[in-house]
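Student: Please take me through the sheet in this model, then through what packs on it and the empty space elsewhere. Give the cut-offs as you go.

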Amino acid sequence: MSAVETALKPIAAKAARCTACVLAETRTKVVFGSGSARAGIVIIGEAPGANEDAQGLPFVGRSGQLLDRLLTETGIVRDDVYICNVVKCRPPQNRDPRPEEVATCAPFLRAQLETLRPRVLCALGLHATRWLLPGKEPMAKLRGQILEYRSIPTIATYHPAAILRNPRLKDNALADLKRVREIAEDAAKREA
Ligand code: URA
């Protein structure tokens, strides 16, 4: 096990026991996050859905299948990236996470990012984007540029659920993910 994986363990264990907000009452499993720190890419979604809640893993339902396809098309290997969510427990009926739930859960994501120290961040959808970079701008304005969270280059793009609703967003999401890959590769070269 890598040093990063070892360092994530106690944070995941704490999340698994967490009862700090009402989502603990209805969740099946805490979805802490999964993947590897190898590629230096961390992808952040919104919150677990029904499949994720059942399996304890992020992005394993319909959105996850689309994310897998987008990553493959971009040349990113899913097993090489780390994927997690703003909120670690499923909101009932897949409602939006409430501000107090996001705030209560924030120390977990903050600790993950401090431990993983990614070369690049990818925020899927506005919940993840606003968590990293509070503001009011719409995704159409935020995407397509390199943003920054605590000096980490950050790409915001459409959530796979939005692409499922509007497939015309797919090409832009692919372009954004390609940018994510390039940033990670460039940073790796500079570090070598
Ligand atoms: N949507 C998300 O934002 N996260 C998941 O893990 C699954 C669906």
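Tutor: The sheet comes first, then the helices on it, some loop residues and the empty space.

This is a predicted model, in which local features need pLDDT of at least 70, side-chain atom pairs count only at pLDDT 80 or more, and totals for chains, interfaces and linings use all residues. Residues are numbered from 1 along each chain as its sequence is written, and side-chain values use heavy atoms, with hydrogens and water left out.

Start with the sheet. Helices (H or I, at least four residues) and strands (E, at least two) are DSSP runs, numbered from the N terminus. Two strands pair if DSSP finds at least two bridges between them. Six strands form an open sheet in the order 1-3-2-4-6-5, and the pairing is mixed. Strand 1 (34-35) and strand 5 (147-149) are the edges, each paired on one side only. Strand 2 (residues 41-45) and strand 4 (residues 120-124) run parallel, joined by four bridges. Opposite Ile-44 stands Ala-123 of strand 4.

Now the helices on the sheet. Contact means heavy atoms within 4.5 Å. Axes are lines fitted to C-alpha atoms, for helices over the stretch in contact; angles run from 0 to 180 degrees between N-to-C directions. Helix 6 (residues 125-132) lies across strand 2, strand 4, strand 5 and strand 6 (152-157). Helix 6 runs at about 135° to strand 4. Helix 9 (residues 170-191) also packs on the sheet, where it touches strand 2, strand 4 and strand 6. The direction of helix 9 makes about 165° with that of strand 6.

Next, the loops. Buried means under 20% relative accessible area, exposed over 50%, and partly exposed in between (1.4 Å probe, protein chains only). Ser-36 sits in the loop between strand 1 and strand 2. Ser-36 counts as buried because its relative accessibility is 9%. A polar atom of the Ser-36 side chain lies 2.8 Å from the backbone nitrogen of Arg-38. Leaving out residues up to four places away in sequence, Ser-36 touches Asp-79, Asp-80, Val-81 and Tyr-82.

Ser-151 is in the loop between strand 5 and strand 6. Ser-151 is not a glycine, yet its phi is positive, about 70°. With a relative accessible area of 62%, Ser-151 is exposed. Phe-59, in the loop between helix 3 and helix 4, also has a positive phi, near 50°. Phe-59 counts as buried, at 5% relative accessibility.

Last, the empty space. On a 1 Å grid over the protein atoms alone, a cavity is a set of points where a 1.4 Å probe fits but cannot get out; a pocket is an open set with protein on both sides within 12 Å along at least five of seven lines; lining residues have an atom within 4 Å of a point. Grid points are joined across faces, edges and corners, and a volume is the space filled by probe spheres set on the points.

The largest pocket holds about 600 Å³. Its lining has 27 residues; nearest its centre are Glu-46, Ala-47, Ser-63, His-159 and Ala-161. Helix 3 (50-55), helix 4 (62-74), helix 6 and helix 8 (160-165) each give two or more residues to that lining.

One cavity of 30 Å³ or more is counted. The largest cavity has a volume of about 120 Å³. Of its 15 lining residues, Cys-18, Cys-21, Cys-89, Cys-105 and Phe-108 are the closest to its centre. Helix 5 gives the most to this lining, with four residues.

Note on methods. A polar contact is a pair of N or O atoms within 3.5 Å; within protein, one must be able to donate a hydrogen and the other to accept it, and residues adjacent in sequence count only if both atoms are side-chain atoms.
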